[in-house]
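Please open the structure in your viewer, with the sequence panel alongside, and keep a selection tool ready. The tour below moves from one selection to the next and says what is to be found at each stop.

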Amino acid sequence: MKILITGNMGYVGPMVVRHLGAALPGCELIGADSGFFAHCLTTPAGLPERRLTRQHFVDVRELSDEHFAGIDAVVHLAAISNDPMGKAFEEVTAEVNWKASVRTAELAKKNGVGRYVFASSCSVYGQTAGGPRDENAELNPLTAYARSKRATEESVEGLASDDFMVTCLRFPTACGMSDRLRLDLVLNDFVASAVVNKRIEVLSDG
């Protein structure tokens with residue numbers, strides 16, 4: 001089995017690679033990433049890409065048929081991944097997070113890939129009243145990042161078929177240690193602030 005993981009050199013990617021490598025021994029894991037955060041290592045244990053069979057250094061907008069040759073499943077993590085960047089660069093966020101994500105799914109289907117897993121976000125729910133949300137709850141994406149995730153969900157749902165399984169996973173805020181750690185995420189920021197400043201500061205309205 002061969003799995004292509006886009007955005008594997010970000011915050012979540014190394015942990016996904018580690019998990020898949022442990023859960024599916026013998027599986028070929030292939031990364032595709034632009035390498036913007038290749039230097040952001042937080043481990044002395046070496047490059048997390050050593051767990052891969054192969055690494056492609058490529059902008060997700062420039063993936064081609066050859067990247068999908070022989071691939072059985074795609075885990076699509078690649079994205080511009082926070083609200084401030086999405087607000088500052090709305091057009092690029094739409095290009096990368098929506099258009100390139102849909103194109104990745106289209107290329108996967110065209111080349112006989114059987115499964116496409118898209119890393120969406122709970123931010124598609126926006127600010128809502130009432131109890132916990134589920135898959136059938138009303139959506140209210142408020143930011144460029146959230147809108148790009150919802151647009152991708154809507155677009156790739158239409159590609160699903162008996163031969164092409166599409167799964168959209170709406171993740172909450174990621175947190176915890178990674179080989180490429182990010183401290184700008186809210187829970188990680190709280191922990192860093194508690195350790196360094198001995199206090200937790202809430203810098204927004206939540």
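Begin by selecting Asp-179 and Arg-18, whose side chains meet in a salt bridge with an N to O distance of 3.2 Å. The model is a predicted one, and the pair is a useful place to start reading it. This salt bridge links distant parts of the chain, since Asp-179 sits in the loop between β6 (165–171) and α5 whereas Arg-18 belongs to helix α1 (residues 13–23), 161 residues apart. The two partners also differ in their surroundings: Asp-179 counts as buried because its relative accessibility is 7%, under the 20% limit, while Arg-18, with a relative accessible area of 33%, is partly exposed.

Keep charged side chains displayed, for the structure holds 11 salt bridges. Select Arg-61 and Asp-59 next, and the closest N and O atoms of their salt bridge will be found 2.8 Å apart. Arg-61 is partly exposed, at 36% relative accessibility.

Now go to Glu-153 and Arg-170, which form another salt bridge, with 2.7 Å between the closest N and O atoms. Here too distant parts of the chain are linked, Glu-153 being in helix α4 (residues 144–157) and Arg-170 in strand β6, 17 residues apart. Glu-153 counts as buried, at 1% relative accessibility. If you extend the selection to Arg-150, Glu-154 and Glu-157, you will have the remaining members of one network, in which salt bridges that share partners join these residues with Glu-153 and Arg-170.

From the charged pairs, turn to the strands and select β4, residues 73–76. Which residues lie on each side of this strand? Ala-73 and Val-75 are on one side and Val-74 and His-76 on the other, and as all of them are buried, both faces of β4 are covered. This arrangement can be read against the general rule that side chains in a regular strand alternate between the two faces of the sheet.

With β4 still selected, add its neighbours in turn. Strand β1 (residues 2–6) pairs with β4 in the parallel sense over four bridges, and within this pairing Ile-3 has Ala-73 of β4 as its bridge partner. Strand β5 (residues 115–121) also pairs with β4 in the parallel sense, again over four bridges, and there Val-75 stands opposite Val-117 of β5.

The next selection is the largest nonpolar core, which has 23 residues, and among these Leu-4, Leu-63, Phe-68, Val-74 and Tyr-116 touch the most other members. The elements that give two or more residues to this core are β2 (28–33), α3 and β5, and α3 provides the largest share, six residues. Centre the view on Leu-63: beyond its neighbours within four places in sequence, Leu-63 is in contact with Thr-6, Ala-32, Val-58, Phe-68, Arg-103, Thr-104 and Leu-107. A second core, separate from that one, is made up of 12 residues, including Ile-5, Leu-20, Ala-73 and Leu-77.

Moving out to the surface, select Met-85, Phe-89 and Val-92, which form a nonpolar patch with about 260 Å² of accessible area together. Val-92 lies in helix α3, residues 90–110, and is partly exposed, with 32% relative accessibility.

Select Gly-26 as the following stop, in the loop between α1 and β2. Gly-26 counts as exposed because its relative accessibility, 77%, is over the 50% limit. Adding Met-1 to the selection shows two residues that are 25 apart in sequence but 7.9 Å apart in space, C-alpha to C-alpha.

The tour ends at helix α5, where Ser-193 lies. Is Ser-193 buried or exposed? At 9% relative accessibility, Ser-193 counts as buried, and, leaving aside its neighbours within four places in sequence, Ser-193 is in contact with Lys-198, Arg-199, Ile-200 and Glu-201.

Lys-198 makes the last selection, in the segment after α5 (186–197). In contrast to the buried Ser-193, Lys-198 is exposed, at 69% relative accessibility. Its backbone deserves a look as well, for phi of Lys-198 is near 65°, a positive value in a residue other than glycine. Most residues other than glycine have a negative phi.

How values were computed:
Residues numbered from 1 in each chain as written. Predicted model: local features only at pLDDT ≥ 70, side-chain atom pairs only at ≥ 80, totals over all residues. Heavy atoms only, no water. Buried < 20%, exposed > 50% of the residue type's maximum accessible area, 1.4 Å probe, protein only. Patch = residues over 30% accessible without salt bridge, like charges linked within 9 Å, V, L, I, M, F, W, Y side chains within 5 Å. Areas by Shrake-Rupley, 256 points an atom, 1.4 Å probe, with all protein chains shown as cover. Salt bridge = Lys/Arg side-chain N within 4 Å of Asp/Glu carboxyl O. Pairing = 2+ DSSP bridges. Core = buried A, V, L, I, M, F, W, Y, C linked by side-chain atoms within 4.5 Å. Contact = heavy atoms within 4.5 Å.
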